[in-house]
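Trainee: Could we go through this structure together? I'd like to know where the labels come from.

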Amino acid sequence: MSASQTPTLLVKIFGKDRPGITAGLFDTLAAYSVDVVDIEQVVTRGRIVLCALVTSPTAGGTTEGELRATVHSWAESLRLQAEIISGIGDNRPRGSGRSHVTVLGHPLTAESTAAIAAAITSTGGNIDRIFRLAKYPVTAVEFAVSGTETEPLRTALATEAAALGVDVAVVSAGLHRRARRLVVMDVDSTVIQDEVIELFAAHAGCEDEVAEVTSRAMRGELDFEQSLHARVALLAGLDASVVEKVRAEVRLTPGARTLIRTLKRLGYQVGVVSGGFTQVTDDLQERLGLDFASANTLEIVDGKLTGKVTGEIVDRAGKARLLRRFAAEAGVPLSQTVAIGDGANDLDMLNAAGLGVAFNAKPVVRKAADTAVNVPFLDTVLYLLGITREEVEAADGLVEAENS
């Protein structure tokens with residue numbers, strides 16, 4: 001008899017969790033010489049659901065009825081409920097086309113969860129499994145989906161997510177998800193909460209004027225290089241001591257340290273590219289232990305800012321070029337890179353990376369990126385890579401123990 005025609009039993013146990021339930025069930029089943037085909041166990045708020053798919057008993061003349069009676073008796077002795085369902089063979093094969101759908105909510109409501117599930121079904125997809133990745137600073141859950149291709153699923157869910165006000169990321173399933181080994185991020189309004197040139201401008205008394213030009217450039221209304229030169233020209237004459245003041249004023253985005261620290265512990269290489277200035281990114285590289293950093297450089301002559309930049313301009317095309325350069329130096333294929341940014345000048349970089357993430361981005365960027373995150377916590381990007389909050393905290397605890 002082929003495996004697909006073998007009689008099987010689905011044994012379901014549910015009730016209050018306690019140590020020893022799983023071992024006890026399989027000790028009970030062992031007396032009937034059954035083989036284990038599949039196991040699934042979930043514990044939620046102290047309640048266990050344990051499912052075991054096993055072959056029907058064949059050895060020693062025992063019957064299915066005897067197994068049923070024994071399992072029910074064992075369950076009742078522990079004040080558990082048992083259900084046993086007869087069938088043939090293993091689980092049905094999963095459909096082709098497999099994706100991971102990560103949903104971030106702050107909070108995650110029943111209404112939005114229902115809508116996401118319905119949208120998955122509308123594309124022909126089947127939800128094979130759901131589990132929680134994190135409960136704070138946002139609720140993050142992941143749906144394993146089969147039966148539909150990633151691109152139409154992403155399109156359908158992007159529309160639904162926008163209407164619901166939740167973040168939904170859809171990535172293809174497979175080994176490449178955890179194989180990503182280089183993350184490159186924009187700096188201003190991504191790794192940090194500030195626009196660096198505006199911090200400089202505040203010391204020059206032209207903050208409002210610079211902020212307006214910056215905003216237009218980020219929306220894609222102005223050529224970045226032209227706007228850069230125009231804004232930097234307003235800084236002419238500032239004393240070079242302002243660099244240390246600006247460094248002290250820079251505010252990291254919530255979760256930035258956690259994201260970078262966790263990625264580094266997992267063996268990723270991490271870099272930043274910025275339309276801002278090396279006077280700040282070099283400091284960030286040292287403080288955060290970054291592998292790569294590149295930005296524009298403010299020219300300083302005789303202790304004063306000249307209002308010019310020197311060297312290669314890091315603009316929209318430059319960021320994509322630097323992503324490729326960093327990947328080559330790291331020995332990582334572009335398909336295994338992640339890029340994170342918020343502005344129009346990040347678009348080429350986001351499109352070139354294996355996974356492009358729009359972080360609290362402008363509408364044009366959210367529309368073009370593979371996925372978008374609209375909560376103010378940068379470490380939520382970890383969940384898009386399938387890394388759970390528990391894994392992050394466990395890594396932190398391990399390092400603390402090693403250093404104690």
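Mentor: Let's begin with helix α1 (residues 21-30), whose buried residues are I21, G24, L25, F26, T28 and L29. This is a predicted model, where local features need pLDDT of at least 70 and side-chain atom pairs count only at pLDDT 80 or more, while totals for chains, interfaces and linings use all residues. Residues are numbered from 1 along each chain as its sequence is written, and side-chain values use heavy atoms, leaving out hydrogens and water.

Trainee: What makes a residue buried?

Mentor: Buried means under 20% relative accessible area, exposed is over 50%, and partly exposed lies in between (1.4 Å probe, protein chains only). In α1, F26 is one of the buried ones. The buried residues of α1 pack against β1 (7-16), β2 (36-44), β3 (47-55) and α2 (64-77).

Trainee: And what makes something a helix or a strand here?

Mentor: They are DSSP runs, numbered from the N terminus: H or I with at least four residues for helices, E with at least two for strands.

Trainee: Why are α6 and α9 called oblique to each other?

Mentor: Helix α6 (residues 196-204) and helix α9 (residues 242-249) pack at an angle of about 125°, with their axes 10 Å apart. Under 35 degrees counts as roughly parallel, over 145 as roughly antiparallel, 65 to 115 as roughly perpendicular, and the rest as oblique. The angle of about 125° fits none of the named ranges, so α6 and α9 are oblique. Angles run from 0 to 180 degrees between N-to-C directions, and axes are lines fitted to C-alpha atoms, for helices over the stretch in contact.

Trainee: Which residues make that contact?

Mentor: From α6 it's V196, L199, F200 and H203, and from α9 it's V242, V243, K245, V246 and E249. Contact means heavy atoms within 4.5 Å.

Trainee: How do you know that β5 and β7 pair?

Mentor: Two strands pair if DSSP finds at least two bridges between them. Strand β5 (residues 98-105) and strand β7 (residues 139-146) have 8 bridges, in the antiparallel sense, so they meet that cut-off. V103 stands opposite V141 in β7.

Trainee: Why is strand β13 described as largely enclosed?

Mentor: In β13 (residues 337-341), 5 of the 5 residues are buried, so the rest of the structure largely encloses it. T337, A339 and G341 point one way, V338 and I340 the other. β13 also pairs in the parallel sense with strand β9 (residues 182-186) over 4 bridges, and likewise with strand β14 (residues 355-359) over 4 bridges.
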